[in-house]
Structure formats: structure tokens, C-alpha cells
Amino acid sequence: VEEEVRGAGRLLEVAAGTGLLTVALARAAQSVVATDYSAAMLDVLRARTKREGVRNVEFVERDLYDLKLDRGSFDAVVCSNVLPLYQATKYSIAYA
């Protein structure tokens, strides 16, 4: 995934969870908006990015069905490890 988004400007990561991919994505893109519905997951993600020295991630608590973000405002969207649980594709792809 990192190679696919290398050079992307603004990247949206939907359902980022604890950040399994976030650090690699942040190193490949200019900036990442990492969303998750769980504040606890985002706390773990914040700690992970801090520990890794990554500073270009914005953390946003949102449900993947109600992202409340401007459509078309991202260069790429990553939604990993959540699609088997949700039919999120049509909702998140609209943001790219």
C-alpha cells in the first residue's frame, strides 16, 4: 500500500484503528487524515505516531458511514482491514 500512495498529497485513512498502516502511509504521503470511530483506538494511534516521530497525521474521530469531510479533498483513500466487516467502499471512495 505504501508504494501505491507514495507522493500523494493529502491521504484519507478510513477506520485507521491502532495504525497498522498509518506510519508507513504518513511516510509516503504529504499528510494523512486518520479516522476511526473509537477514541481509544485513536489514542493508541497517536502514541504510535509519536513514538515513530511521525508528525503529519491528523486524528479525526468519525464513523465511516458519516465522515463529515469534504468530498474530493483527498488524493487517495485507504480503507484496510475493515471492508470485510462493513460495506464502506461506496462511502469512503467518494472522498478521493
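These legends walk through four views of a predicted model. Local features need pLDDT of at least 70 and side-chain atom pairs count at pLDDT 80 or more, while totals for chains, interfaces and linings use all residues. Residues are numbered from 1 along each chain as its sequence is written, and side-chain values use heavy atoms, leaving out hydrogens and water.

**View 1. The whole chain has 4 helices and 4 strands.** Starting at the N terminus, the order is α-β-α-β-α-β-β-α; helices (H or I, at least four residues) and strands (E, at least two) are DSSP runs, numbered from the N terminus. Of the 96 residues, 43% are buried (under 20% relative accessible area, 1.4 Å probe, protein chains only).

**View 2. Meet E13, in strand β1 (residues 10–13).** E13 is buried but has no salt bridge (a side-chain nitrogen of Lys or Arg within 4 Å of a carboxyl oxygen of Asp or Glu). R48, the nearest side chain of opposite charge, lies 8.6 Å away. The side chains of E13 and T22 share a polar contact of 2.5 Å (N or O atoms within 3.5 Å, one able to donate a hydrogen and the other to accept it; residues adjacent in sequence count only if both atoms are side-chain atoms).

**View 3. The largest nonpolar core holds 17 residues.** Such a core joins buried Ala, Val, Leu, Ile, Met, Phe, Trp, Tyr and Cys residues through side-chain atoms within 4.5 Å. V5, L11, L25, V32, A34 and V57 touch the most other members. Helix α2 (22–28) is among the elements supplying at least two residues, and its 4 residues are the largest share.

**View 4. A second, separate core has 12 residues.** Among them are L12, V33, L69 and V77.

Conventions: Buried means under 20% relative accessible area, exposed over 50%, partly exposed in between (1.4 Å probe, protein chains only). Lys and Arg count as positive and Asp and Glu as negative; His and the chain ends are not counted.
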